[in-house]
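Here are some notes to read alongside the model, written for someone meeting it for the first time. Take them in order, with the viewer open beside you.

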Amino acid sequence: MSYLGVGVSPGNVPVYHSTNLKVIDRRVRVAELVLRCVICGLGVIAAALVGTDTQVKEIFTIQKKAKFTDMKALVFLVIANGIVAAYSLVQVLRCVVSMVRGNVLFSKPIAWIIFSGDQVMAYVSVAAVGAAAQSAVFAKLGQSELQWMKICNMYDKFCNQVGEGIASALLVSLSTVVLSCISAFNLFRLYGGNKSKSSSATRW
């Protein structure tokens, strides 16, 4: 077969495809590493901001201390971001070792484990942010029907720092969702590779 008068055998075509796949694989691995580093860093920041947040107010000569353990949703947020950050750190080390050795993920069981872990982390982080955001709205606006008062009017510093922690956790949850899509791509392209190999073997 000839292209523009240059003789090219059909066996040479997959070479270009494999080169393109290597470029795509390198970019995907770099994007995965960056996202995991972002998740790890922001997860630690979110957990630290909420977990260390306290404020003391004196009400009628009685000191009242606000802390994150007063709201179960904030406790869940701190624990969830700590778990996600620790998981991401382990995955960062795996990515670095893989990139240094130049290994490409071809093992389906390992790909399934990574995919499942990323899915769980995404669900946990999104659920934690949703619960914390709902509690933050109640703390900011109150709920007159249930006679819940606006505590942020008294504990403004506490609420501001919690808001910063929730914002960091929101970025973590969005990053975990994107990362779960990348891990899904890494998993299911292994099956696509097998289909292309089997089809080429059938043709030849």
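1. Start at Leu74, which touches Val50, Phe68, Ala132, Phe158 and Val162 when residues up to four places away in sequence are left out. Please keep in mind as you look that this is a predicted model. Leu74 also belongs to the largest nonpolar core, a set of 21 residues in which Val50, Leu74, Leu77 and Phe158 touch the most other members. Which helices feed this core? At least two residues come from each of α1, α2, α3 (108-141) and α4 (156-203). The largest share is that of α4, with five residues.

2. There is another core to find, lying apart from that one. It has ten residues, including Leu35, Val84, Leu179 and Ile182.

3. Now step back to the overall layout. The protein chain contains four helices and four strands, and their order along the sequence is β-β-α-β-β-α-α-α. Of its 204 residues, 34% are buried. If you take the contacts between residues at least 6 apart in sequence, 80% of them join residues at least 24 apart.

4. On charged pairs, a good place to look is Glu32. How many salt bridges does the whole structure hold? A search finds four. In one of them the side chains of Arg36 and Glu32 meet, at 3.0 Å from N to O. Both residues sit in helix α1, four residues apart, so about one helical turn separates them. Are these two buried or exposed? Arg36 counts as buried because its relative accessibility is 1%, which falls under the 20% limit. Glu32 is buried as well, at 7% relative accessibility.

5. Glu32 has a further partner: its side chain meets that of Arg94 in a salt bridge of 2.8 Å, N to O. Here Arg94 is in helix α2 and Glu32 in helix α1, so the pair ties together parts that lie 62 residues apart in sequence. Arg94 is partly exposed, with a relative accessible area of 28%. Looking at the wider group, Glu32, Arg36, Arg94 and Asp118 are linked in a network of salt bridges.

6. A separate pair to check is Lys67 and Asp70, whose side chains form a salt bridge at 3.7 Å, N to O. Lys67 counts as partly exposed, at 33% relative accessibility. Asp70 is also partly exposed, with a value of 47%.

7. Next, the surface. The chain exposes about 12,600 Å², and 69% of that is supplied by carbon and sulfur atoms. Which residues make a nonpolar patch on the surface? Val30, Val34, Val38 and Met99 do, and the patch covers about 280 Å². Helix α1 (residues 13-51) gives the largest share of the patch, three residues. Met99 has its place in helix α2 (residues 72-101). Its relative accessible area is 32%, so Met99 is partly exposed and passes the 30% cut-off used for patches.

8. It is worth setting the helices beside the record. An unreviewed UniProt entry carries the annotation "transmembrane region" for residues 33-52, 73-100, 120-141 and 162-188. What does the model show in these spans? Residues 73-100 are 100% helix and 0% strand, and their end C-alpha atoms lie 40 Å apart. Residues 162-188 are likewise 100% helix and 0% strand, with 39 Å between the end C-alpha atoms. Please read the annotation with some care, as such entries may be inferred rather than shown by experiment.

9. One last stop is Ile113, found in helix α3. Is Ile113 buried or exposed? Its relative accessibility is 61%, and because this is over 50%, Ile113 counts as exposed. While you are there, look across to Ser183: the two C-alpha atoms are separated by 9.9 Å, although Ile113 and Ser183 are 70 residues apart along the chain.

How values were computed. Residues numbered from 1 in each chain as written. Heavy atoms only, no water. Patch = residues over 30% accessible without salt bridge, like charges linked within 9 Å, V, L, I, M, F, W, Y side chains within 5 Å. Areas by Shrake-Rupley, 256 points an atom, 1.4 Å probe, with all protein chains shown as cover. Buried < 20%, exposed > 50% of the residue type's maximum accessible area, 1.4 Å probe, protein only. Core = buried A, V, L, I, M, F, W, Y, C linked by side-chain atoms within 4.5 Å. Contact = heavy atoms within 4.5 Å.
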